[in-house]
Amino acid sequence: MADARASGEYVLKPHEQPLIPGSPANPDHPLHRRYFYFAIGLFLGLVSGFQNGLLLANLTLLQSHMGLTPADAGWVTVAYNMTNTCMSILLFKGRQHFGIQRFVRLTMLALVIANFLQLFDAGYRLELIARGISGIAASGLVTMAIFYMMQSLPGPKKMIALILGIGMVQLGTPLARAISPLLVYDGDITSLFAFQFGLSLVAVGAVNILPLPQGIKVRAFGVLDMISFPLLAIGVGLLCAFLVQGRIVWWPTPWLGGALALSVVLIGASFLIEHNRANPMLLTRWIASSDLVKLAFTGALVRVVLSEQSFGASGLLTSLGLVNDQLVTYYVVTAAAALLGVFLPLVRLNPLDLRTSRLVSLAIISIAAFADTHSGLNTRPINLYMSQAAIAFASVYFIGPMLMEGFLRALTRGPAYVVSFLAIFNLSQTIGGLFGTAALSAFFTIRTKAHLMTLAPSLQTDDPALAQAINGLAASLNGTIGDPALRAAVAGSNVVREAARQAAVLAYNDVFFVIGALSGLAFVIMFARWLYDRRRGFNPLAADLFRLQQMLAQRQ
C-alpha cells in the first residue's frame, strides 16, 4: 500500500473517499502518521487563534507604537473582522472548484504575507492591509486545523475534529494574553510581529512536509456569485464598522447611521439575489428555518454574554490601574480553564444531546457574572480567578458541540447547506461578539455617568468631609510639592479621580449584573425546552443522525 501511494497509483476505498467535494480524502494512515496529522492540526488551530488574539491583547500597545487615535485602532479591528467573517463562504467554494491543495497554498500565502508585512513596521495603512489579509488566513487555518485532525481520527470519530479544531482557535485569545507580556516585556511590539512571522513559517513547513490528501473538484462558482458575495462582504464589513466604531466615536455620529443603513441594504440585496437563484450560494429558505434561526440566535446570545470577560473583567482590571505585566498569572489561569473546555466535551460528548453544553455554559456564566458584582476598588486578579476561569471554560465548552450540531444538520443535506451554515455560524459568532461589546460599552458609559451624578454631592467644595480629605492629601504632598496652592489642586484632582474610579467600578458591577440576569434568563428558557423534549422522548437531531448513518453505510 505504501509503495502504491508513493507512486500515485493507490486507489481509494469507498470509505476513504471525501465526504463532500472540497474536503480531502481519508485514506487509512499508519499510526505514526496519524500522530503527526493530529499535532499539525492542533498547531494550525492555535496559529489561527493567535491571528486575532495577539492583536486584541496588544491593541493598546500597537496604538501607542503607531501614534493612533482610538478610532484608528478601531479600524484595525474592523479590517480583520470584515474579511474573516465572510471568507469561509468563498474559501469553501474555492476548495470545491480548485481543489484542496490550491486552497492550502492560498491560505499559507495569505498567512505569510500578512505577518511578513508587519515586520517592516511601515505604518498604519500597511497595518490595515496586513490585518485584512490576516483575517483571510485565519479563516482558512480553522478549516485546515479541522481537516488535519480528521486525518488522525478513525471512522465516525472524525466529527470530533470539529470540536477540537474550533476549540483550539478559541484557546488562542486567552493564551495570547498570557504570553504577550513575555513577548513585549521591553515595550517593543516588533518582537511580537517577529513571533507571528515565525509561527507562520513553521506552519508552512509543517503542511508541506505532511500535505493533506487530494479531494474531489466540482464546478462550484456561478456568475451571480461575483455579484452576491461582494454585496454580502461589503455589507457585513459596514456592519462590523458600525459596531466597533460606534462605541469609540459614540452612536449619534452621523456617518454611523449611514453605514448601518447601507449595510442592511447590501446584505438584503445579497439575500434577495440568493433567494431567487436556481443554484444559490446561500440557501435562504433553509437559513430562515426555525432550527437554524434558533441555533444562530443561541450562538450569538452566548457570544454576547461572554463579553463579560473580554469587556467586563478586563475593563475592570484596567480601570483599577493594572497592566498586562501584572495579569500574567490571571491569563494563565483563564487559558488553562479554556484548555479544559476544549477537551472535556470529548469525554462527555453525546451526539444525541448536543444542547447540554449550551445549558451548562449559560449556567456557569450566570453564576460567575453574579459573583463578580461584588467587585470594589480593592479587587485584584486573584479575586477573579474562580469566576473568570469558569467563564473562560464556558466560552470554549459551548462552541464545539454547537458547531457539530449545525454541521450535522448541513452535512446530511448536501454541500450547499454546509456553505449556508458556515456563513450563518461565522456571522452569529462575529456579530454577536461585536454587538455584545458595543452594547455593554454603551451601558457602562451610561451607568458610569449615573454613578458620578450620585457621587457628585459628596464632591461639593463646602463639604467638611471632602475638605478634610483634600487637606490630608495635600499634607502628604509636602515633601514633593512646595507651593501650597498647587498641593491643594493636586489633592483635589486625586479626589475627583478616585471618585471617577469608584463610579467605573460600580458601573462594571452593573454590567456583571445585567450579564448574569440575561444568561440566567436564557438558561431558564432553554432548559425548559430541553426538559420538555426529553420528557416526550423527542431528539431534534434524530433524523439528521439517521441520514448520516445511511451516508456512512453507503461508503463501506
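**Entry 1: helix α8**

I began with what covers the buried residues of α8, and the cover includes α2 (31-57), α3 (59-66), α5, α6 and α7 (160-183). The model I am reading is a predicted one. I then listed the buried residues of α8 themselves: L192, F193, Q196, F197, L199, S200, A203, A206 and V207. I also checked the length of α8, which runs over residues 190-209. Its 20 residues should span 28 Å at 1.5 Å a residue, and I found the end C-alpha atoms 29 Å apart, so the two values agree.

**Entry 2: the chain as a whole**

I stepped back to look at the protein chain. Its secondary structure comes to 21 helices and 0 strands. The chain has 556 residues, and 53% of them count as buried. I also looked up how far apart in sequence the contacting residues are. Among contacts in the chain with a separation of 6 or more, 83% join residues 24 or more positions apart.

**Entry 3: helix α6**

I went to α6 next, since it appeared in the cover of α8. How many residues of α6 are buried? I noted 22 of its 29, and the helix is mostly covered. From its first C-alpha to its last, α6 reaches 41 Å, which is close to the 42 Å expected at 1.5 Å a residue.

**Entry 4: two partners of α6**

I wrote down two numbers for each pair, because two packed helices are described by the angle between their axes and the distance between the axes.

The pair of α4 (residues 70-98) and α6 (residues 124-152) came first in my notes. They pack at an angle of about 40°, with axes 7 Å apart. I therefore recorded α4 and α6 as oblique to each other. Their crossing is right-handed. I sorted the residues of the contact of α4 with α6 by class and had 11 nonpolar, 9 polar and 4 charged.

I then took α5 (residues 100-119) against α6. The angle here is about 145°, and the axes are 8 Å apart. The crossing of α5 past α6 is left-handed. In the contact of α5 with α6 I noted 17 nonpolar, 5 polar and 2 charged residues.

**Entry 5: α14 and α16**

I looked at another pair, α14 (residues 328-348) and α16 (residues 385-397). They pack at about 35°, with their axes 7 Å apart. The crossing of α14 past α16 is right-handed. On the α14 side, the residues in the contact include Y330, V333, T334, A337 and L344. On the α16 side, they include Y385, Q388, A392 and F393. By class, I recorded 14 nonpolar, 4 polar and no charged residues in the contact of α14 with α16.

**Entry 6: Q388**

I picked out Q388, which lies in helix α16. Is Q388 buried or exposed? Its relative accessible area is 0%, so I entered Q388 as buried. Which residues does Q388 touch, not counting those up to four places away in sequence? I found E308, Q309, A313, Y330, T334 and D372. Two of these, Y330 and T334, are also on the α14 side of the contact with α16.

**Entry 7: W250**

My last stop was W250, found in the loop between α9 (225-249) and α10 (254-275). W250 has a positive phi of about 75°, although it is not a glycine. Its relative accessibility is 29%, so I put W250 down as partly exposed. The cut-off for that class is 20% to 50%.

Technical notes. Residues are numbered from 1 along each chain as its sequence is written. This is a predicted model: local features need pLDDT of at least 70, side-chain atom pairs count only at pLDDT 80 or more; totals for chains, interfaces and linings use all residues. Side-chain values use heavy atoms; hydrogens and water are left out. Axes are lines fitted to C-alpha atoms, for helices over the stretch in contact, and angles run from 0 to 180 degrees between N-to-C directions. Helices (H or I, at least four residues) and strands (E, at least two) are DSSP runs, numbered from the N terminus. Angles under 35 degrees count as roughly parallel, over 145 as roughly antiparallel, 65 to 115 as roughly perpendicular and the rest as oblique. A crossing is left-handed if the near helix is turned anticlockwise from the far one by less than a right angle, and right-handed if clockwise. Ala, Val, Leu, Ile, Met, Phe, Trp, Tyr, Cys and Pro count as nonpolar, Asp, Glu, Lys and Arg as charged, and the others, Gly among them, as polar. Buried means under 20% relative accessible area, exposed over 50%, partly exposed in between (1.4 Å probe, protein chains only). The expected span of a helix is 1.5 Å times one less than its number of residues. Contact means heavy atoms within 4.5 Å.
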